[in-house]
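Subject: Structure handover, with notes

Hi,

Here is the structure I promised to pass on. Have a look at it first, and my notes follow underneath.

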Amino acid sequence: MKDKVAYITGGTKGIGFGIAQVLLKHGIKVAVSGRKQEDAEEAARILSEDDTRVFGIASDVKNFEDEKAAVSEIAKKFGRLDYVIANAGLGIFKPVDELSLEEWNDMIDTNLSGVFHTLKASVDELKKSEGYFISISSLAGANFFENGSGYNASKFGVVGFTQAAMIDLRKYNIKVSTIMPGSVSTYFNGNDPSDKDAWKIQPEDLGELVVDIFKMNPRALPSKIEIRPSKPNS
């Protein structure tokens, strides 16, 4: 994995940032994106002061042209792209009769269309490197719950999309997986991570899982992975 290049969307905090930290420790060069350039640059600075190994870039995954430009800049800076982790996402939790059209569209456009935009923008580079694409879905992509209609729809869609893309891209020696976390200690949905979240999956745990996936024998493909806290909150 040393000196290979990873692109992580939504990498300025939370799961994406935790994955970036672990990948850097394993010798992988990392590009992280966020909607604001200053946030992406600050995340990159915190990750490493060595700007030959980390790159912060602005991109809104809802906009395909943003993702095309981001991938182009990453390939220009690092000369290649081996791993793409489509992590950017948001959640709005309301009863379906109270969920606005704007809120529905924000979730579908970010969580689902955004994953498509990221893969569409990066697939040519992944064909060159025979690389790996990972989407970050959720256990909400398999389990529905009250007030989750929009979020469930987007994450069920991510799982189905990624599984079909896996079949489409195997012939190019591109591996595709989706990771479906349960409760994770992040800033998601207004949470402020603290000691109260110690029972949850930590972002760096997901980073270690990603590394384990990359290390697997090339003949093996873990196409869909559910991960949850080992113990419930007590």
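First, a term you'll need throughout: buried means under 20% relative accessible area, exposed means over 50%, and partly exposed is in between, using a 1.4 Å probe and protein chains only. By that yardstick Phe116 is partly exposed, at a relative accessible area of 39%.

Some housekeeping. Bear in mind that this is a predicted model: local features need pLDDT of at least 70, side-chain atom pairs count only at pLDDT 80 or more, and totals for chains, interfaces and linings use all residues. Residues are numbered from 1 along each chain as its sequence is written, and side-chain values use heavy atoms, with hydrogens and water left out.

Aromatic rings

Rings of Phe, Tyr and Trp (for Trp, its six-membered ring) pair if their centres lie within 6.5 Å; planes under 30 degrees apart are stacked, over 60 edge-to-face, and the rest tilted. That rule gives six aromatic pairs. One of them is Phe55 with Phe78, which counts as edge-to-face because the ring centres are 6.4 Å apart and the planes sit at 85 degrees. Phe55 is in strand β3 (residues 54–58) and Phe78 in helix α3 (residues 64–78), so this pair ties together parts 23 residues apart in sequence. (Helices, H or I with at least four residues, and strands, E with at least two, are DSSP runs numbered from the N terminus.) Both rings are tucked away: Phe55 is buried at 17% relative accessible area, and Phe78 is buried at 11%.

Back to Phe116: its partner is Phe161, in an edge-to-face pair with 6.0 Å from centre to centre and 90 degrees between the planes. This pair links distant parts of the chain, with Phe116 in helix α4 (residues 101–129) and Phe161 in helix α5 (residues 149–169), 45 residues apart. Phe161 is partly exposed, at 23% relative accessibility. There is also an aromatic cluster made up of Tyr83, Tyr132 and Phe214.

Two lysines turn up over rings. A charge sits over a ring if NZ of Lys or CZ of Arg is within 6 Å of the ring centre and within 35 degrees of the ring normal. Lys77 lies over the face of Phe55, 5.5 Å from the ring centre, and the charged end of Lys127 is over the ring of Tyr172, at 4.2 Å from its centre.

Strand β3

Since Phe55 belongs to β3, a word on that strand. Four of its five residues are buried, so β3 is largely enclosed by the rest of the structure. Strand β2 (residues 29–34) pairs with β3 in the parallel sense over five bridges, where pairing takes at least two DSSP bridges between the strands. Val30, for instance, has Val54 of β3 as its bridge partner.

Salt bridges

Here I mean a side-chain nitrogen of Lys or Arg within 4 Å of a carboxyl oxygen of Asp or Glu. The whole structure holds nine of them. Among them is Asp3 with Arg53, whose closest N and O atoms are 3.1 Å apart. Asp3 is in the segment before β1 (5–8) and Arg53 in the loop between α2 (37–47) and β3, so the bridge ties together parts 50 residues apart in sequence. Asp3 is partly exposed at 34%, while Arg53 is buried at 19%.

Another one joins Asp106 and Lys62, with 3.5 Å between the closest N and O atoms. It too spans distant parts of the chain: Asp106 is in helix α4 and Lys62 in the loop between β3 and α3, 44 residues apart. Lys94 and Glu103 also meet in a salt bridge, at 2.6 Å from N to O. Lys94 is partly exposed at 29%, whereas Glu103 is buried at 16%.

Two more residues to look at

Ser137 is in the loop between β5 (132–136) and α5, and is buried at 4% relative accessibility. The Ser137 side chain reaches the backbone oxygen of Lys155 at 3.2 Å. Its contacts (heavy atoms within 4.5 Å), not counting residues up to four places away in sequence, include Val158, Thr178 and Pro181.

Glu125 lies in helix α4 and is buried, with a relative accessible area of 17%. With the same sequence neighbours left out, up to four places away, Glu125 touches Val71, Ala75 and Leu81.

Cheers

Conventions. A polar contact is a pair of N or O atoms within 3.5 Å; within protein, one must be able to donate a hydrogen and the other to accept it, and residues adjacent in sequence count only if both atoms are side-chain atoms.
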